[in-house]
Structures are given as C-alpha cells and as structure tokens.
Amino acid sequence: MSGKPKLYYFDGRGKMESIRWLLAAAGVEFEEEFLETREQYEKLLQGGSLLFQQVPMVEIDGMRMVQTRAILSYIAAKYNLYGKDLKERALIDMYVGGTDDLMMFIMMFPFLSAEDKEKQRAFIVQKATSRYFPAYEKVLKDHGQDFLVGNKFSWADVHLLEAILMVEEKKADVLSGFPQLQAFKARISSIPTIKKFLEPGSQRKPVPDDKYVETVRRVLRMYYDVKAN
C-alpha cells in the first residue's frame with residue numbers, strides 16, 4: 001500500500017463522496033481506483049478485500065477498511081475532526097447521523113425514473129426545509145458559535161456543508177429562510193482546504209449522470225428499479 005489513502009469506488013459520488021470530502025477537509029491527498037467493470041469488482045471480492053462484499057473500500061494505514069461510517073469515523077479521529085471529548089464526539093455523531101438521513105434521500109435520486117425524480121425532488125426539499133435545516137439553524141442560533149460543535153471545525157461541519165450544496169442542486173434558493181445556515185455555508189466554504197476542494201479540477205465529483213448510473217448498475221448487477229419515497 002502507498003503512503004496516500006487509496007479509494008476504491010465508482011467515478012462518481014455515491015457513498016464515497018463524503019469520504020472524499022472529509023479527506024480533502026483534512027488536507028490529505030488521496031488516490032482513487034475507479035470500478036468500471038464487473039471483473040474489477042469480482043477481483044476485489046475474490047481477493048478478500050471487501051469484508052462484506054460491498055464498496056466503498058479505502059486502503060489507509062495498512063488497513064483495508066469498508067463500511068462508510070467506520071471509514072469516516074477513523075478519518076475524523078485521525079485528523080482531529082472528531083471533538084475534544086466523548087460529549088463532543090456524541091454531538092458530532094448525532095449531527096452527522098441527521099445529515100446522513102437527509103443525504104440518503106438525495107443519493108438514490110439518480111437511479112429513479114424521470115417521473116419519480118420530480119416527486120423525489122419535492123420530497124427532498126420538503127424534508128430539508130421542514131426537518132433538517134430548521135434543526136441546524138436552531139443549533140447555530142442557540143450557541144452563537146461559528147461551528148456546530150465546540151466552536152471548532154469538525155466532521156459535522158464538513159458533512160452539513162456537503163448536504164447543503166446537494167440540496168441546493170435541487171433548489172437553488174433552499175436556504176432563503178435560513179440566515180444562520182447561509183452564514184455557516186459562507187464560513188465553511190472559505191476554509192482553505194474546503195475552498196480548494198470546491199474549485200474546478202479537484203477530486204470532488206459532479207452531479208451523477210446517466211453514465212455513472214449505468215456503470216453502477218452494470219458492475220453491481222442492479223436489475224431492479226429504485227423507488228421514490
């Protein structure tokens with residue numbers, strides 16, 4: 001294994017994108033191997049690299065890690081983005097978990113039919129503006145600090161910014177009623193490592209397109225249609 005973390009996934013967002021975000025936020029360079037064929041995937045399976053027969057998989061510090069949450073937790077702890085004590089870590093876990101719930105609605109979006117996409121778009125915006133964004137707006141307003149936990153940049157902040165930008169891709173003015181989140185977005189986006197990741201040419205992936213969907217379906221042999229919420 002090389003000194004840099006190596007990411008095994010598709011050339012697209014999916015569950016790996018949050019890992020890319022967190023590594024980038026920590027200022028860590030990483031390599032990627034994109035799965036484009038069923039044969040590549042089966043080689044990983046046969047080699048025993050995928051403990052639960054799933055990707056993402058990340059090679060880091062002599063380990064082959066699977067399970068997205070475990071990978072993210074390890075990166076956050078390793079690069080001091082996981083709070084100063086158990087209480088802060090619990091808060092970060094809680095906020096990340098809430099953000100994950102919202103992001104899952106978005107992650108399935110590319111695999112829907114055209115009709116279901118319109119329903120899901122409305123559903124995503126409704127959930128974001130009625131459940132998740134009000135919660136974070138209140139957290140930021142109540143403690144009056146720049147970051148979600150301990151007034152220090154953490155995994156929770158990275159994850160929330162990623163989610164905000166994803167929802168804005170569905171409705172550009174979705175933050176219009178959330179002044180705290182507007183200010184939060186501006187602050188976090190200006191952090192040098194984040195700003196670099198948001199610039200053209202970075203390893204951040206674009207909105208998933210039909211090619212990405214077709215590749216995932218082919219490699220994972222997804223012969224069923226995903227349904228909207």
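I began with the surface: the accessible surface of the protein comes to about 11600 Å², and 52% of that area belongs to carbon and sulfur atoms. I note here that the model is a predicted one.

I then looked up how much of the chain is covered, and found that 48% of the 229 residues of the protein count as buried.

For the overall dimensions, I read that the C-alpha trace spans about 50 × 45 × 30 Å along the principal axes of the protein. I also checked the radius of gyration, which is 18 Å for the protein, and this agrees with the value near 17 Å that a compact globule of 229 residues would have.

Next I turned to secondary structure, which comes to nine helices and four strands, and I wrote down the order from the N terminus on as β-α-β-α-β-β-α-α-α-α-α-α-α.

On contacts, I took those in the protein between residues at least 6 apart in sequence, and 68% of them join residues at least 24 apart.

On charge, I found 34 positive and 32 negative side chains in the protein, with the centres of the two sets lying 2 Å apart.

Last, I followed a single residue, asparagine 80, which is found in the loop between helix 3 (68-78) and helix 4 (86-107). Asparagine 80 has a relative accessible area of 46%, so I entered this residue as partly exposed, since that class lies between the buried limit of 20% and the exposed limit of 50%. I also looked up its separation from glutamate 162: the two residues are 82 residues apart in sequence and 19 Å apart in space, C-alpha to C-alpha.

Conventions. Residues are numbered from 1 along each chain as its sequence is written. This is a predicted model: local features need pLDDT of at least 70, side-chain atom pairs count only at pLDDT 80 or more; totals for chains, interfaces and linings use all residues. Side-chain values use heavy atoms; hydrogens and water are left out. Helices (H or I, at least four residues) and strands (E, at least two) are DSSP runs, numbered from the N terminus. The radius of gyration is taken over C-alpha atoms; the globule rule is 2.2 Å times the number of residues to the power 0.38. Buried means under 20% relative accessible area, exposed over 50%, partly exposed in between (1.4 Å probe, protein chains only). Contact means heavy atoms within 4.5 Å. Accessible areas come from the Shrake-Rupley method with a 1.4 Å probe; for residues, only the protein chains shown count as cover. Lys and Arg count as positive and Asp and Glu as negative; His and the chain ends are not counted. The place of a charge is taken as NZ of Lys, CZ of Arg, CG of Asp or CD of Glu.
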